[in-house]
Amino acid sequence: MELWDLYDKERKPLGKTHVRGIPLKKGEYHLVVFAWVFNSAGQVLMTKRAPEKKSYPNLWEHPGGSVIAGENSIEAIVRELFEETGIRAEPSELTLVETYCRSNDFCDIYFLKRDIPLSQLTMQPGETCEAKWVSRA
């Protein structure tokens with residue numbers, strides 16, 4: 001069971017946790033993080049969602065996920081990046097570039113510069129199944 005900390009529409013903590021998978025009530029939000037990993041050629045790393053994922057199976061995305069209860073945004077992206085790709089990053093290497101609000105979550109986007117061969121990545125079973133470097137085009 002995964003727990004999330006809850007926030008109000010101003011991103012202030014509500015002092016409550018929520019069980020993932022249960023719909024959020026109106027006015028409740030949780031945090032989500034994403035890492036855009038760029039190499040020196042200007043390409044960005046994309047990971048493919050595992051085919052057994054309930055939502056959006058086999059689709060390409062940036063590594064990331066939900067912030068679990070007790071974590072902050074930067075701790076979560078360090079954890080998610082390692083879990084989904086095997087990339088170990090220090091918080092000081094990550095730059096928060098954007099925060100936005102969707103219907104029931106706040107999303108933090110981080111940039112990381114890292115040259116890493118795809119052969120050195122480790123996909124997380126049940127989460128990611130493939131990775132590739134892509135250009136802006």
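This is a guided tour of one protein chain, stop by stop, for a reader with the structure open in a viewer. Please keep in mind throughout that the model is predicted.

**The whole chain**

Begin with everything displayed as a cartoon, in which the protein shows 1 helix and 9 strands. If you follow the chain along its sequence, these elements come in the pattern β-β-β-β-β-β-α-β-β-β. The radius of gyration is 15 Å, close to the 14 Å that the globule rule gives for 137 residues, so the protein is as compact as a globular protein of that length. When you turn the model, you can look for its three principal axes, along which the C-alpha trace spans about 40 × 35 × 25 Å.

If you now switch on the surface, the accessible area comes to about 8,100 Å², and 52% of this belongs to carbon and sulfur atoms. Buried residues account for 40% of the 137 residues. Among contacts between residues at least 6 apart in sequence, 55% join residues that are at least 24 apart.

**Strand β3 and its partners**

Next, select residues 30-38, which make up strand β3, and ask whether this strand is largely enclosed or not. Of its 9 residues, 7 are buried, so strand β3 is largely enclosed by the rest of the structure. Add residues 105-113, which are strand β8, and you will find β3 and β8 paired in the parallel sense over 9 bridges. Then add residues 64-66, strand β6, which pairs with β3 in the antiparallel sense over 3 bridges. A helpful residue to highlight here is V32, whose bridge partner in β8 is C107 and whose bridge partner in β6 is S66.

**Helix α1 and A76**

Now select residues 73-85, which form helix α1, and within this helix pick out A76. A76 has 0% relative accessibility, and therefore it counts as buried. Leaving out residues up to four places away in sequence, A76 touches V33, V67 and E71. You may also draw a distance from the C-alpha atom of A76 to that of G64, a residue 12 places away along the chain, and the viewer should give 8.3 Å.

While the helix region is in view, show the side chains of E71, R79, E80 and E83, which are linked in a network of salt bridges.

**T47 in strand β4**

Move on to residues 44-49, strand β4, and select T47 within this strand. Which residues is T47 in contact with, once its neighbours within four places in sequence are left aside? The list consists of L59, W60, E61, H62, P63, T85, T128, E130 and A131. T47 counts as buried, because its relative accessibility is 0%.

**Salt bridges**

A search of the whole structure finds 11 salt bridges, and three pairs are worth displaying one after another. For the pair E28 and K16, the closest N and O atoms are 3.0 Å apart. This pair links distant parts of the chain, with E28 in the loop between β2 and β3 and K16 in strand β2, 12 residues apart. E28 is buried, with a relative accessible area of 8%, whereas K16, at 41%, counts as partly exposed.

Continue with K53 and E127, whose side chains meet in a salt bridge at 2.9 Å, N to O. K53 lies in the loop between β4 and β5 and E127 in the loop between β8 and β9, so the pair ties together parts that are 74 residues apart in sequence. K53 is buried, with a relative accessible area of 16%, while E127 counts as partly exposed at 25%.

The remaining pair on this tour is D105 and R102, with the closest N and O atoms 2.8 Å apart. Here D105 counts as buried at 6% relative accessibility, and R102 is partly exposed at 39%.

**On the surface**

To finish, return to the surface view and colour W36, V97 and F111, which form a nonpolar patch with about 230 Å² of accessible area together. F111 is found in strand β8, and its relative accessibility of 31% means that F111 counts as partly exposed.

The last selection is S92, in the loop between α1 and β7. Is S92 buried or exposed? S92 counts as exposed, because its relative accessibility is 70% and the cut-off for this class is over 50%. The C-alpha atoms of S92 and L112, which are 20 residues apart along the chain, are separated by 9.8 Å.

Key:
Residues are numbered from 1 along each chain as its sequence is written. This is a predicted model: local features need pLDDT of at least 70, side-chain atom pairs count only at pLDDT 80 or more; totals for chains, interfaces and linings use all residues. Side-chain values use heavy atoms; hydrogens and water are left out. Buried means under 20% relative accessible area, exposed over 50%, partly exposed in between (1.4 Å probe, protein chains only). Helices (H or I, at least four residues) and strands (E, at least two) are DSSP runs, numbered from the N terminus. Two strands pair if DSSP finds at least two bridges between them. Contact means heavy atoms within 4.5 Å. Patches are made of residues with over 30% relative accessible area and no salt bridge: like charges are joined within 9 Å, nonpolar side chains (Val, Leu, Ile, Met, Phe, Trp, Tyr) within 5 Å. Accessible areas come from the Shrake-Rupley method with a 1.4 Å probe; for residues, only the protein chains shown count as cover. A salt bridge is a side-chain nitrogen of Lys or Arg within 4 Å of a carboxyl oxygen of Asp or Glu. The radius of gyration is taken over C-alpha atoms; the globule rule is 2.2 Å times the number of residues to the power 0.38.
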